[in-house]
Amino acid sequence: MNGGRLSRATTRKRKRVFRVTTAVALVLALVGIIAFAALIDKKEKSALPKSDEIATEMVDSESEQPTDTETESADTIYIGQPYTKVYADDRVAVVYEADLGDRFERLETVSGFVKVQLNERMTGWVTEESVTTEAPALSDDDVIAAWQQVVPSASETVLDWIGKDVATVRAELGSPAAVQRDQVNEYHFYDGFFLMVRDQTVRAVDWDRQAVVTPDVTPTNEQTTGIWYEGETVQLKLFPYSGVMRVRLEHK
């Protein structure tokens, strides 16, 4: 009799353990299903790319889409008109006045304006109609011969200055009488001429109030307010005014 009662008690105990175990297993399975669903939903809603490769493909795809109002390029343009106004990003405020023949890197063209790199720190905008990409070049010998005709008193040593670090040139010339600055350049004044310095490099030498002389060389571009001679590595620019002219010999 005792053996029968123990057998029935053991059976009831086993049934209770089975029911509890089954219930716990069902609860755990339900929790697992809910957690997995939440994880999938979170991944689908995430804005982050799954790899750098996907991000690169997305950027490339967007950059290849053409636009009607904006084109991007990285080439060289020339200022085609003397005393060309260069504007700030609002395309209203004037930040600089560029000379005929000035060379700049074009960054983009937007709605009739060209964005250019003025120096290492600064960009500006000029009207598209004021620039050109074509500048038929003369030989440097022809440009230098034209310069020697209009500034016969200048030494050929000047040719060693343009394109050099300003500190090197000042070590040879000594301290200037004055230094002036605008948004783009520095101007170091010496007796009879000044250095135009941009990004710590002597870009040009200017002589003011020179007698008006017409060189025996065909210019790249000639206008009443400016004459431009484009060489292989140097430029010559003449700006007549009030019976005299300003002369600039510039490194390209």
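Arg106 counts as buried, at 12% relative accessibility, and I should say at once that this is a predicted model, so that every value I quote is computed from it. Its salt-bridge partner is Asp75, with the closest N and O atoms 2.9 Å apart. Because Arg106 lies in strand E4, residues 103-110, and Asp75 in strand E1, residues 70-79, this pair ties together parts of the chain that are 31 residues apart in sequence. Asp75 itself counts as partly exposed, at 29% relative accessibility.

In total the structure holds 10 salt bridges, and I would like to take you through two others. Arg246 and Asp206 meet through their side chains in a salt bridge of 2.7 Å, N to O. Here Arg246 sits in strand E15, residues 244-251, while Asp206 sits in strand E11, residues 201-211, so the pair links parts that are 40 residues apart in sequence. Arg246 is buried, with a relative accessible area of 15%, and Asp206 is buried too, with a value of 0%. This pair also belongs to a network, in which salt bridges that share partners join Asp99, Asp206, Arg246 and Arg248.

Let me finish with Arg181, which forms a salt bridge with Glu186, the closest N and O atoms being 3.2 Å apart. Are these two side chains buried or exposed? Arg181 is exposed, with a relative accessible area of 61%, which is over the 50% cut-off, whereas Glu186 is buried, with a relative accessible area of 18%, which is under the cut-off of 20%.

Note on methods
Residues numbered from 1 in each chain as written. Predicted model: local features only at pLDDT ≥ 70, side-chain atom pairs only at ≥ 80, totals over all residues. Heavy atoms only, no water. Salt bridge = Lys/Arg side-chain N within 4 Å of Asp/Glu carboxyl O. Helix = DSSP H or I, 4+ residues; strand = E, 2+ residues; numbered from the N terminus. Buried < 20%, exposed > 50% of the residue type's maximum accessible area, 1.4 Å probe, protein only.
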